[in-house]
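User: I would like a close look at a single part of this model, set in the context of the whole chain. Please keep the answer connected and plain.

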Amino acid sequence: MPLPPAPTKRAALLPPEAYDAPARSSHKAARKSEAAGAENPLAERPQAEDFDPRGGGERETAHPVAFQDEAPVAERPQQARKRPAAEPAGRRKPKTTGPTKLFVLDTNVLMHDPMCLFRFEEHDIFLPMIVLEELDGHKKGTTEVARNARQASRSLDALAGAQGADISAGLKLESTGHTEAGGNLFFQTQALANHLPPSLPQGKADNQILGVVQALREQHSPRDVVLVSKDINMRVKARALGLATEDYRNDKTLDDLELMYSGALALPPDFWAKHGKTVESWQSGQTTFYRVTGPIVPSLMINQFVYFEAPGEPSLYARVTEIRGKTAVLRTLKDYGHLKNAVWGVTTRNREQNFAMNLLMDPEVDFVTLTGTAGTGKTLMALAAGLTQVLDDRRYTEIIMTRATVSVGEDIGFLPGTEEEKMGPWMGALDDNLEVLAKTDTGAGEWGRAATNELIRSRIKIKSMNFMRGRTFLNKYVILDEAQNLTPKQMKTLITRAGPGTKIICMGNLAQIDTPYLTEGSSGLTFAVDKFKGWPHSGHITLARGERSRLADFASEVL
């Protein structure tokens, strides 16, 4: 009888009993060897994953003759102890940069991101018992925090109920399908000695967590035990006690706002000297196209604006429309700063505003994000472009406007009326900009302007974000104002409402965030800008110069 084909893995992965087995064992013998392998610490995982001569079906053991070209059989068990167990099939091996750490999670981390359990790569996680108590106390209600607490509890229940789960030995974080998590989850199953200073009240939950971190550091020395908390005061107390602590940074899209994608790129002064000989140009109507090659191409993105300004040389303002390998195609822009190209009577006043208007008026761009300080013209341009495309071009059926209802100061309480009436006080920016747009129609007279205002009002619908779940917008022009106050989850909910033919414009000033626990790096607007950059049907521009008034511009700079 012929021998099975030679295995592709080393024989050291086999248990010692496999070397005494016959060439073809019966099913009973195979089951006995599996049982023996289960008692053997060397066989930590099913051997069928490590070695199957036929590539499937019943597992068979190989004849020792197949391994005669390798080390002697007597040395194999020692080699097997040194080799790590094989990784499960289909799992991406985490990037290990050193010894794994033990992270102790504060309750606020779980309530901030219920999926945080699976975002620590190969490191282990420890949950004190007081964290589970606090999680249970916050699960009731319809707030975002309560929903996150319930989702975190469901994740913990799924991990504890997985097949073969042993809480005392640690729960495999990858057991529920999250293959990016390679560590274990440990619960506090016994009382830990508390060596905190007597000046700290023992009954407070934060101090109990600090006591757990202190005890774990003593137990697992020299292993790193790190407290992860969103509470700044908690981290300060931990550092004062000499404990390692970190903020939860996985929710931050950017650590530094200066790294944020601006949507525009200034071409270097020597651009034409380096690329001029290889540039191809052609014209289609009133638009000129340039095909460029060279070192500038890898730094470009689709729908990114490029401009060249140098004294004594002609300026270039273009948008990247195509990137193929080492070549990029640039398309010149329409000048909306000229009075003949005015949009609903509005002309752009600076370079960035012209870039933004080209995105707002392009029917191929479905998603536009605009950021900038107060007074840069975000809402005015979005409304003017929307009115032109709804009333004049008939490209969209109506304008839907909404915003995050986060107040700057104290809440004034419940507002009376319908949904649109309740949203009225939040839409003061809409009224102000409509007043500006109504003044641009100077030849219609007072009655004509009144009729125009009624027509505009009939095509603008004001909606609340609280009732957006499950809706679908068809051929709508959606304006989302004050988007910097949204979380990434809320931003996803709103953007996914878009149906066929719908365009969404998100605007905001990242320097004016009023939502608690939200920063420039973790804002939903920053999240959307970073995720959509380079997509052929989206665009972003950071507006740089304010055009509201000299007072507003000076206040934005010095206050």
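How many helices and strands are there in the protein? After that, please go through the six-strand open sheet and what surrounds it.

Analyst: This is a predicted model, and the protein has 17 helices and 18 strands. Of its 559 residues, 41% are buried. Among contacts with a separation of 6 or more, 68% are between residues 24 or more positions apart. The accessible surface is about 30300 Å², and carbon and sulfur atoms hold 52% of that surface.

Now the sheet. Its six strands follow the order S7-S10-S11-S12-S9-S8, the pairing is mixed, and the sheet is open. Its edges are strand S7 (264-266) and strand S8 (280-284), each of which pairs on one side only. On average, neighbouring strands of this sheet are turned by 30° against each other, with direction ignored.

Within the sheet, strand S11 (residues 316-324) and S12 run antiparallel and are joined by six bridges. One position can be followed across this pair: Ala318 stands opposite Thr332 in S12.

Helix H10 lies across S7, strand S10 (305-308) and S11, and runs at about 145° to S10. The loop between strand S12 (327-332) and helix H10 (351-360) contains Lys334. The relative accessible area of Lys334 is 43%, so this residue counts as partly exposed, being neither under the 20% cut-off for buried nor over the 50% cut-off for exposed. Leaving out residues up to four places away in sequence, Lys334 touches Asn341, Asn354 and Asn358. For one of these partners, Asn354, the separation from Lys334 is 20 residues in sequence and 8.1 Å in space, C-alpha to C-alpha.

Another residue to consider is Thr388, in helix H11 (residues 378-392). Thr388 has a relative accessibility of 10% and therefore counts as buried, the cut-off being under 20%. With residues up to four places away in sequence not counted, Thr388 touches Val343, Trp344, Met361 and Asp393.

Elsewhere in the chain, helix H15 (residues 488-495) has Met491, Thr493, Leu494 and Ile495 as its buried residues. The cover over the buried residues of H15 includes three strands, S13 (367-372), S16 (476-481) and S17 (503-508), together with helix H16 (524-532).

How values were computed. Residues numbered from 1 in each chain as written. Predicted model: local features only at pLDDT ≥ 70, side-chain atom pairs only at ≥ 80, totals over all residues. Heavy atoms only, no water. Helix = DSSP H or I, 4+ residues; strand = E, 2+ residues; numbered from the N terminus. Buried < 20%, exposed > 50% of the residue type's maximum accessible area, 1.4 Å probe, protein only. Contact = heavy atoms within 4.5 Å. Pairing = 2+ DSSP bridges. Axes fitted to C-alpha atoms, helices over the stretch in contact; angles between N-to-C directions. Areas by Shrake-Rupley, 256 points an atom, 1.4 Å probe, with all protein chains shown as cover.
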